[in-house]
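Work through the following exercises with the sequence and the model side by side. Each task is followed by a solution in steps.

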Amino acid sequence: MKYLFIAVFLSTLLLSSQQLFAAPIYNSATDHLYDIVSGNWTEAESAAQILGGHLVTVNNQSEQTWLLDNFGSTLRYWIGLNDVALEGTFVWSSGEPVTYTNWGTGEPTNSQGNEHYVAMNWGSNGNGVWNDFPNLSQVAWNNYSGIAEYVCPVPEPTSMVLFGIGLLGAGAIRRRKKI
Ligand SMILES: [Ca+2]
Ligand SMILES: [Ca+2]
């Protein structure tokens, strides 16, 4: 009984740590990393910029499908699309041109005149359809989060130097072994 309790405790710990520290996911088609960033749209966009990117720019259907495959079609996620600067003119926070859209039926609505931020997974059909929405961090049961898209970080010069020293050291050990 005691061991069962410990096993359940450890597996719960493991599961929750996986959710808290989820690793970014690499998309070989775009050569970009994707990760979840929390908060309302502007908070999520700021967090994405700290990672070196922006909220995701969905450039085409294959990227939308990849997002659904990797982040699911149930939870709603902010994407980079917004019309905060000019009502009705949607742009990506990354500055990339709008080449693809996946609006839900009747969207965008700009309901009550304050829907300037776009989230995906607004339908239950699994197609990840988009809706323009107010800049909220929580709606009823749903804590909002976004998907960040960013380039793979280049290793720091100092870590490259350390890596080089490591290689030299390994070479020296190998040479010594030959003697
Ligand atoms: Ca993209
Ligand atoms: Ca709407």
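**Exercise 1. Strand 4 and its partners**

Task: find the residue of strand 5 that stands opposite Leu81, then list the strands that pair with strand 4 and give their sense.

Solution. Step 1: Leu81 faces Trp92 in strand 5. The model is a predicted one, in which local features need pLDDT of at least 70, side-chain atom pairs count only at pLDDT 80 or more, and totals for chains, interfaces and linings use all residues. Residues are numbered from 1 along each chain as its sequence is written, while chains are lettered from A and ligands numbered from 1 in the order in which they are written.

Step 2: strand 4 and strand 5 (residues 91-92) run antiparallel, joined by 2 bridges. Strands here are DSSP runs of E with at least two residues, helices are runs of H or I with at least four, and both are numbered from the N terminus. Two strands pair if DSSP finds at least two bridges between them.

Step 3: strand 6 also runs antiparallel to strand 4, with 3 bridges; here Trp78 has Ala119 as its bridge partner.

Step 4: strand 10 pairs with strand 4 in the parallel sense over 2 bridges, and Tyr77 stands opposite Ser145.

Step 5: of the 6 residues in strand 4, 6 are buried. A residue is buried if 20 or more other C-beta atoms lie within 10 Å of its own, exposed if 12 or fewer, and partly exposed in between, with C-beta atoms placed from the backbone.

**Exercise 2. The largest nonpolar core**

Task: state how many residues the largest nonpolar core has and which have the most contacts inside it.

Solution. Step 1: a nonpolar core is a set of buried Ala, Val, Leu, Ile, Met, Phe, Trp, Tyr and Cys residues joined through C-beta atoms within 7 Å. The largest one has 27 residues, and Leu55, Val56, Trp78, Ile79, Ala119 and Ile147 have the most contacts inside it.

Step 2: two or more residues come from each of strand 2 (32-38), helix 2 (41-50), helix 3 (61-71), strand 4 (77-82), strand 6 (117-120) and strand 10 (145-151).

Step 3: take Trp78 and leave aside its neighbours within four places in sequence. Its contacts (C-beta atoms, placed from the backbone, within 7 Å) are then Trp41, Ala44, Leu55, Tyr117, Ala119, Tyr144 and Gly146.

**Exercise 3. The two sides of helix 3**

Task: which residues of helix 3 are buried, and which are exposed on the other side?

Solution. Step 1: Gln64, Leu67 and Phe71 are the buried residues. They lie on the same side of helix 3 because they cover an arc of only 60 degrees around the axis, the arc being that of the directions from the helix axis to the C-beta atoms.

Step 2: Gln61, Asp69 and Asn70 are exposed on the other side of helix 3.

Step 3: the cover over the buried residues of helix 3 includes strand 4 and strand 10.

Step 4: Leu68, also in helix 3, counts as partly exposed because it has 16 C-beta neighbours inside 10 Å. Beyond four places in sequence, Leu68 is in contact with Ser73 and Gly128. Leu68 and Gly128 are 60 residues apart in sequence, with their C-alpha atoms 6.7 Å apart.

Step 5: just after helix 3, Gly72 has a positive phi of about 85 degrees.

**Exercise 4. Loop residues**

Task: Asp31 and Asn121 are not glycines but have a positive phi; is each one buried or exposed?

Solution. Step 1: Asp31, with phi of about 60 degrees, lies in the loop between strand 1 (25-27) and strand 2. Asp31 is exposed, because it has 9 C-beta neighbours inside 10 Å.

Step 2: Asn121, with phi of about 70 degrees, lies in the loop between strand 6 and strand 7 (131-133). Asn121 is buried, because 22 other C-beta atoms lie within 10 Å.

Step 3: the loop between strand 5 and strand 6 holds Pro108, and the peptide bond from Glu107 to Pro108 is cis, with omega near 0 degrees.

**Exercise 5. Confidence**

Task: where does pLDDT stay under 50?

Solution. Step 1: pLDDT is the predictor's confidence in each residue, from 0 to 100. Its mean over the protein is 84, and 72% of the residues reach 70 or more.

Step 2: the stretch under 50 is residues 12-20, which have 0 contacts beyond four places in sequence in the model. Where pLDDT is low, the predicted coordinates should not be read in detail.

Definitions and conventions:
Two residues are in contact if their C-beta atoms, placed from the backbone, lie within 7 Å.
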